Amino acid sequence: MTQFSIVVPTLNESENIDLLLTQLSALKETSGNFEIIFVDDGSNDGTPEKIRAWQSRENIKLIERRESPDLTASILAGAIAANSEVIVVMDADLSHPPGQLLSVVSPVLGGRYDVSIGSRYVAGGSTENWPLHRRLLSRAGGLFARPLCDVNDATSGFFAFRRELAKTVSSSAHGYKILLELLMANQGKLRVTEVPICFRDRAHGLSKLSFTHQKAYLQRLMTLAGGTVSLSTAGRFALVGLLGVLIDALVFQWMISRGAGLALAHFISFFVAATANYSLNSKWAFRAHHAGHLQWHQFGRFLMVGAFALLLRGGVLALLVYVWHVPPLIAIFPAIVTTAVVNYLGSAFYVFPTDKCRPSSETGWRIAAIGVVMFVLLLRLVYSGLAQLIPDEAYYWQYAQHLDLSFYDHPPMVAWLIWLGTAALGDNEFGVRIGALFCGLVAMIYLYAFAQNLYDKSSAMRAVLLFSVLPLGFASGLLMTPDAPLVAAWVATLYYMERALVADQRSAWLGMGIAFGLGLLSKYTLGLLGIAALVFVIVDPTARRWMRRPHPYLAALLALLLFSPVIIWNMQNDWASFAFQSTRLLADGYEFAVHNLIVHIIILLTPVGFLAAALALFSVDDQGVELFQRRRKVFVQVFTGVPLLVFFTLSTFDLPKFHWTGPVWLAILPTVAWMIGQDRLINMAKWVHTYWRATIVACMFCYAFVLHYVVLGIPGLSYHLFTEHYFWRETTQEIEKVAEDVRREFGQEPIVVGMSKWSIASALYFYNHQNKNLDVRSRNLFGDSGAMYDYWLPSQQRTDRPIIQVGMHAIKLDQIREGDPVKHMLKNPGEIEYRVIKRYGTSVRRVYYRVSQGYDGVMPAAR
């Protein structure tokens, strides 16, 4: 009985046939009974004759194809002619070692796996005598396939599989990588293993691999992913795009010449060009994927992709014009070219997807994850240096100007990251935020690894997708606040804790100690993971064994060592930071605020995300237990539930901050992502699954829209959304004018006092740091709390220098706390006035100020 069949495709391999069959014949005594099926694709060097000479001695078949040479078609023809249910594919040039045949086929013969791959790129695998360019091409081909396939060597030509799987390969399949076709056709349904092999370059004959094969492979890969990417569509799209560029540029220049603003000109020119492009793309570039008449759902998708491209283009245009000072009439061209990639890929994968080979739902989510994450990263990169700092970021920039071991209201990590960024890139928005971008990438990497350990690769990719688009993840990867390093450290700590407590890896305790210590340097909130770890060890008998080992205690000691700068600073400052953090909750009195906490969570997760997290956290059905290990489910519930319970308890007597619970949901995010990939969902879970796509698109659009709004504006939409806490660059310029008027009137340098705890003073400091013509203080000048300004610029005694109070509301200029007589501390205080702040000629907000001739010092009642 034939145990397995070896299919060997050939094309001009006469010099290798005898060597190959000699080695295969020698294996029969140890490898069992097998047949060898040669499928020749029209050799003209005597290959078929060499094979026939062996047919009388061995169980050998020869199939001679008359069609155009195609490796996939040859292998499928061999599989059809096979007499066994297990097929092994290998090359005839001896690059696949016959001596490793048994190790490759055994996993499938034993029934443990459906596919067994002879891999060059797993531990123990290698390549020999291959030129560098071939190695690079092979590696690149494997890397391109990695997001779609869960194997390291998807381009291997040496593999075994169950014969019935050949029927699942698409009839349109072609090219030289049938393994990729098998894996993609059965995505998520196969048991696959990789066996290390030593691949050697051929000794005789010429390689059949050419640039044409590489091009066909990439095109086929894109088709399997659901796209219509090809040289044909790309060429036609480029021609249509060139016409669109011409229309776009002409309309843009005409609008600019008529005095239109940058935003209005680029909006109008884009929509005119996009309308022309859709008509030509649908009827020519992608005509094979268009019904021939207007399809509203397709047109709607086109508008959606166009909107994303437009909003991204606005950032590129602003970057070129406002940062690099490129003239608008020139800047429009690279802006158009840059965002054309978004339009093309969006059209190929979303607007006009392939009809020939529709990808599975799992593949579709993987492609969506790649596209969405890349767009979000590009959006952050483009706009991070354009959007003005919010006052919180300006305050933490002040930290970096007064670098220390720690600070009154936060640990020092945010200051250290800002110092590094501004030292390398300057004291600008991008220099401040580069640390947040870096922390966002670190968080994505650790979240991917954490989710893959809990579930699988597809769930990991969806987890990163959700993290990148949900408010809790997008904001922490863009804004440089303590939450940026906290989120990165939180998910890193989760990763190492799961490896240590669930996977029982001793080496993970080192990583856990480092991540935990860095997290405490970011924000004290990370200490909640320590409480969760203790609870998990108590409830999980297996993890409880770690209590008798030194590793957890050494990890805690390492974390404490990393946290020591904060301890030293507190020792030097009467434990001020610890005292502040422990008393701040009740500083404003008792207030029941559980409902506020729930609203905050809904905003951080979106309504759909909130429901999904609740289902993932409280679900106890048997389905979940069957699909992943119980200990890991308990791990997720404990490391989400314990911190959440703490915040719920605190909210019963105090108002929580909006963003406090953000990191809590990182532990449950992989489970939410796993649920998206499940087909057997009922009731509420099915409803949540249905609306995830709309939620993701809505979040992406909101971020792009808001960033474009604050940087360039939106034509027809006035500035009323950020009137109090934004546009501090323009506000600072106006205050500089007020200060200049005061200098001329009084002949002295005025003191500018921001009438808030720290936000106004910090924003004025940042946007005046280049001119350095303002002496800025915080409200602590009048005896109220100014956070770190109490240390940097303590309250002073009386002065005859003019005082300019600056506030976001007029009422803030008359009081610090309720009833404090600020006006009585001032010498000859003037009337409260305001100035209208304008941006590009449009009113955006008001700033209130009052000028006094001096300051009498802090009144006793205000102390």
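1. Tyrosine 395 and tryptophan 758 are both buried. These assignments, like the others in this note, come from a predicted model.

2. The two residues form one of the 39 aromatic pairs in the structure. Their ring centres lie 4.5 Å apart and their planes meet at 15 degrees, so the pair is stacked. In sequence the partners are distant, with their positions 363 residues apart. Tyrosine 395 belongs to helix α13 (residues 391–401), whereas tryptophan 758 sits in the loop between β10 (751–754) and α30 (759–768).

3. Tyrosine 395 and tryptophan 758 also belong to one aromatic cluster, whose other members are Tyr396, Tyr399, Phe407, Tyr765, Tyr789 and Trp792.

4. A further aromatic pair joins tyrosine 834 to tyrosine 848. Here the geometry is tilted, with 55 degrees between the planes and 5.9 Å from centre to centre. Tyrosine 834 is part of strand β14 (residues 833–839) and tyrosine 848 of strand β15 (residues 842–852), so the pair ties together parts that are 14 residues apart in sequence.

5. Are tyrosine 834 and tyrosine 848 buried or exposed? Tyrosine 834 has a relative accessible area of 42% and is therefore partly exposed. Tyrosine 848 counts as buried because its relative accessibility is 18%, the cut-off for burial being under 20%.

6. Two arginines are placed over aromatic faces. Arginine 120 lies over the face of phenylalanine 199, at 5.3 Å from the ring centre. For arginine 845, the ring is that of tryptophan 728, and the distance to the ring centre is 4.4 Å.

Technical notes
Residues numbered from 1 in each chain as written. Predicted model: local features only at pLDDT ≥ 70, side-chain atom pairs only at ≥ 80, totals over all residues. Heavy atoms only, no water. Phe/Tyr/Trp six-rings, centres within 6.5 Å; stacked < 30°, edge-to-face > 60°. Helix = DSSP H or I, 4+ residues; strand = E, 2+ residues; numbered from the N terminus. Buried < 20%, exposed > 50% of the residue type's maximum accessible area, 1.4 Å probe, protein only. Lys NZ or Arg CZ within 6 Å of the ring centre and 35° of its normal.
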